[in-house]
Amino acid sequence: MHRTEMTTPDAMSTQYASTGRLATRRGVWGPGPEGVSPTDVLRQTVVDAAPHSVVEIGCGTGHLARSILDALPEVTYLATDLSRAMVESTAAVGVPAVVAAAHELPVPDQSCDVAVAAWMLYHVPDLETVLTELRRVLRPGGTLVVATNGESHLAGLLREAGGEPLVTQFTSEVAGPLLRRHFGDVAQRDIETRASFDDHAAAAAYLATFDEGLAGALPPFDGPRSYAGHTAILTAR
Ligand SMILES: C[S@@+](CC[C@H](N)C(=O)[O-])C[C@H]1O[C@@H](n2cnc3c(N)ncnc32)[C@H](O)[C@@H]1O
């Protein structure tokens with residue numbers, strides 16, 4: 001069985017040295033049977049908290065930050081990411097952004113109303129340190145908003161390619177208990193999503209964004225295919 005590396009510095013710098021892989025992956029996802037987009041839920045959760053100041057870790061290309069700032073133009077927003085390319089992409093859409101590791105944020109104690117960690121806590125080498133850091137920067141009563149995936153996220157495609165489901169350190173199955181070690185009030189909404197591929201080449205290209213071996217091992221198929229994804233949005237106070 002083939003296992004995909006999720007946390008090592010080498011894997012991270014290869015994976016996120018440029019924005020292309022992340023953009024390719026984002027492009028295939030659409031709502032599942034409920035017709036709900038996790039990104040919409042994430043954005044609305046932040047907007048509903050009516051924050052004055054937000055810090056985001058692992059901001060990627062900055063699309064979520066941009067949409068939150070469009071909805072809340074007065075907010076003081078700081079987007080951070082370990083990857084310089086991601087920070088440059090985020091700054092290019094007009095969002096204040098700096099290179100920073102999630103465990104060492106350039107933010108004073110208790111200065112943020114909301115912290116956002118979208119699809120990134122499964123990557124950090126020391127999750128407990130990062131959660132301690134998020135607790136440090138949040139004001140008392142502030143909210144951490146998190147997105148992550150479940151164990152069976154895209155498992156159908158991974159299995160077809162001879163891989164294993166991505167059982168990370170922060171799946172939606174364990175995220176709640178892990179957050180409760182640092183936060184008193186944790187709520188979770190599970191959302192089924194759908195990845196759609198026009199053809200075999202598109203599915204292989206998706207796999208290649210994080211694992212060339214899996215891409216090469218995907219048996220040929222004709223026509224379009226789609227696969228279920230499992231995501232969760234959590235809030236912690
Ligand atoms: C799967 S992407 C998610 C990006 C974005 N949040 C989104 O939803 O599209 C993970 C991001 O986390 C960043 N990242 C990984 N490890 C990190 C760390 N230890 N500290 C800060 N950012 C990190 C990567 O560079 C990448 O941009």
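Which residue stands opposite A187 in strand 8? In this predicted model, the partner of A187 is T235. This pair belongs to a wider arrangement, in which strand 7 (residues 186–197) and strand 8 run antiparallel and are paired over 12 bridges. Strand 8 (residues 225–236) is also joined to strand 6 (residues 138–149), again in the antiparallel sense, by six bridges. Here T235 appears once more, since V145 stands opposite T235 as well. T235 is thus a handy landmark for a reader tracing the strands, with A187 as one partner and V145 as another.

Strand 6 also holds T148, a residue that repays a closer look. Its relative accessible area is 0%, so T148 is buried. The side chain of T148 has a polar atom 2.7 Å from the backbone oxygen of F170. F170 is also among the residues in contact with T148 once neighbours within four places in sequence are set aside. The others are W119, Y122, T171, S172, A175, H230, T231, A232 and L234.

Attention now turns to charged side chains. Side chains of opposite charge can pair when their charged atoms come close. The structure holds eight salt bridges, and three of them are described here in turn.

One links R66 and D70, whose closest N and O atoms are 2.8 Å apart. Why are these two separated by about one helical turn? Both lie in helix 4 (residues 63–71) and are four residues apart, which means about one turn of the helix between them. As a rule, an α-helix has 3.6 residues a turn, so residues three or four places apart point the same way. The two partners fall into separate classes of exposure: R66, at 25% relative accessibility, is partly exposed, whereas D70, with a relative accessible area of 52%, is exposed.

The side chains of D109 and R136 form another salt bridge, with 2.6 Å from N to O. D109 lies in the loop between strand 4 (97–99) and strand 5 (112–118), while R136 is in helix 6 (residues 127–137), so this pair ties together parts that are 27 residues apart in sequence. D109 counts as exposed, at 52% relative accessibility, and R136 is partly exposed, at 25%.

A further salt bridge joins the side chains of R139 and D113, at 2.8 Å from N to O. This pair, too, links distant parts of the chain, for R139 sits in strand 6 and D113 in strand 5, 26 residues apart. R139 is partly exposed, with a relative accessible area of 33%. D113, by contrast, has a relative accessible area of 16% and is buried. Elsewhere, D109, E133 and R136 are joined into one network by salt bridges that share partners.

The last element to visit is helix 5 (residues 84–92). At its start, a side-chain oxygen of S83 comes within 3.3 Å of the backbone nitrogen of A85. A85 is itself one of the buried residues of helix 5, together with M86, V87, S89 and T90. What do the buried residues of helix 5 pack against? Their partners are helix 2 (20–27), strand 3 (76–81) and strand 4. Just after helix 5 comes G94, which takes a positive phi of about 85 degrees.

Conventions: Residues numbered from 1 in each chain as written. Predicted model: local features only at pLDDT ≥ 70, side-chain atom pairs only at ≥ 80, totals over all residues. Heavy atoms only, no water. Pairing = 2+ DSSP bridges. Buried < 20%, exposed > 50% of the residue type's maximum accessible area, 1.4 Å probe, protein only. Polar contact = N/O pair within 3.5 Å; in protein donor to acceptor, adjacent residues only side chain to side chain. Contact = heavy atoms within 4.5 Å. Salt bridge = Lys/Arg side-chain N within 4 Å of Asp/Glu carboxyl O.
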